[in-house]
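User: Hello! I am new to reading protein structures, and I would like to go through one with you, feature by feature.

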Amino acid sequence: MNIYITLDYELFFGARSGSVENCIIKPTRALLKIADSNNIKIVCFVDVGYLVKLEEQKEKYSQLQEDYTKITRQIKHLADNGHGIGLHIHPHWEDSYYDGNDWAFNTSRYKLADFSSDEINRIVSKYTQTLNRISGKTAKAYRAGGWSAQPFNEIGNALLENNITIDSTVFPGGYYYSSNQYYDFREIESFKGSYKFSNNLTKEDPKGSFKEIPISSHNVSPLFFWKFAFHKLLKQKKHQAFGDGLAISKTKKNILKLLFSPSKSVVSIDGYKASYLKESYGLHKKNKAENFVIIGHPKAFTKFSLTQFEKLLKFLKPEDKIITFN
């Protein structure tokens, strides 16, 4: 089985962004320590809108210059040491700015589909060029911010123009709808392997220009979220996230749904979700899955989740291959 360890390399987008040091640099460094000791490579999907905004405003604010130096140095280190660098786009950066103390976010246009076709092409091209220049490598894979890549047609045209033909946004069974975020992957079967597609990333097309490598998903019971809430209330150090920001709040309807009915979630290194890493791996092996694609957000790492990740690595079979999209 092919195993991909993928990170969405980004800040928080709620009322407080958090610092680049605690949300990105430190937790990524902690994971890299584990990766290096096990001689494996990871994939970082870099939120390039953040880099673009840093370049636009760093001359005005010394803090942003410092943040830019830190993050570009780590991205270059990752690329130079054989880790994968992918394109991750949260387009709301286009409408956001630094106010001298923190990032002021406007998430009314959270999806690329909220922009015109010309704007989508401009954003994808500028972000791809920025990432390639900073990393010194050519990005080959894309992941949509907030898993929101539907409709895909205009996004796909822009990606093709920038020679990006791999997507890893879909996760089988996933579904979410709010005023500014949307994805629907319910028609994708569990343990789905990679497949070709054209202008609809959930519809297989053997002649399509794109290859989808889905993020692995896991059935989650309501009990999991009650346990998660319990651990959060206890405020144990091992469950304390590295990141010091605040996420965009979920709708009350969505929270109640998670607490009282089964759901699908990504297989993740984040926080308490890491508790089902080994179980999910076992299910994917049992079902002879082609790939096991793990997602993580450094800002959401905890001591507990990194420990669970280390345990998973020791649990892997000799025939498993940890690879990147390169």
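User: Why is the sulfur of Cys23 not in a bond with the closest cysteine sulfur?

Analyst: Let us begin with the general idea. A disulfide is a covalent bond between the sulfur atoms of two cysteines. Here, a disulfide is counted when a pair of cysteine sulfur atoms lies within 2.5 Å. The closest cysteine sulfur to that of Cys23 is in Cys44, and because the two are 15 Å apart, they are too far for a bond. The structure holds zero disulfides.

Before we go on, a word on the source: this is a predicted model, where local features need pLDDT of at least 70, side-chain atom pairs count only at pLDDT 80 or more, and totals for chains, interfaces and linings use all residues. Residues are numbered from 1 along each chain as its sequence is written, and side-chain values use heavy atoms, with hydrogens and water left out.

User: Are Cys23 and Cys44 buried or exposed?

Analyst: The word depends on relative accessible area: buried means under 20%, exposed means over 50%, and partly exposed is in between (1.4 Å probe, protein chains only). Cys23 has 0% relative accessibility, so Cys23 counts as buried. Cys44 also comes out at 0% and is buried.

User: How many residues of the protein chain count as buried, as a percentage?

Analyst: Of its 326 residues, 55% count as buried.

User: What does the radius of gyration tell me about the protein chain?

Analyst: The radius of gyration is taken over C-alpha atoms, and the globule rule is 2.2 Å times the number of residues to the power 0.38. For 326 residues, a compact globule would have a value near 20 Å, and the 19 Å of the protein chain agrees with that. Along the principal axes, the C-alpha atoms fill a box of roughly 50 × 50 × 45 Å.

User: How many helices and strands does the protein chain have?

Analyst: Both are DSSP runs numbered from the N terminus: helices are H or I with at least four residues, and strands are E with at least two. In this protein chain, there are nine helices and 15 strands.

User: How should I read contacts in the protein chain between residues at least 6 apart in sequence?

Analyst: Contact means heavy atoms within 4.5 Å. Among the contacts between residues at least 6 apart in sequence, 76% join residues at least 24 apart.

User: Which residues is Phe309 in contact with?

Analyst: First, find Phe309 in helix α9, residues 303-315. Its relative accessibility is 0%, so Phe309 counts as buried. Setting aside neighbours within four places in sequence, Phe309 touches Ile5, Leu31, Ile34, Ile40, Ile269 and Leu277. By contrast, look at Pro151: its C-alpha atom is 34 Å from that of Phe309, with their positions 158 residues apart along the chain.

User: Where is Lys278, and which residues is it in contact with?

Analyst: Lys278 sits in helix α8, residues 277-286. At 37% relative accessibility, Lys278 is partly exposed. Leaving out neighbours within four places in sequence, Lys278 has contacts with Lys311, Leu312 and Phe315. The C-alpha atoms of Lys278 and Leu313 are 9.2 Å apart, although the two residues are 35 apart along the chain.

User: What joins Gln150 and Pro151?

Analyst: For the general idea, most residues other than glycine have a negative phi, and most peptide bonds are trans. Gln150 and Pro151 are joined by a cis peptide bond, with omega at about -5°. You can find Pro151 in the loop between β6 (141-144) and α5 (153-161).

User: Which sign does phi have at Asn163 and Phe191?

Analyst: Asn163 is not a glycine, yet its phi is positive, about 60°. Asn163 lies in the loop between α5 and β7 (166-167), and at 60% relative accessibility Asn163 is exposed. Phe191, not a glycine either, has a positive phi of about 65°. Phe191 is in the loop between β9 (182-184) and β10 (195-197), and it is partly exposed at 28%.

User: Which residues is Lys196 in contact with?

Analyst: Lys196 belongs to strand β10 and is partly exposed, at 35% relative accessibility. Apart from neighbours within four places in sequence, its contacts include Lys203, Glu204, Asp205 and Pro206, as well as Phe210 and Lys211.
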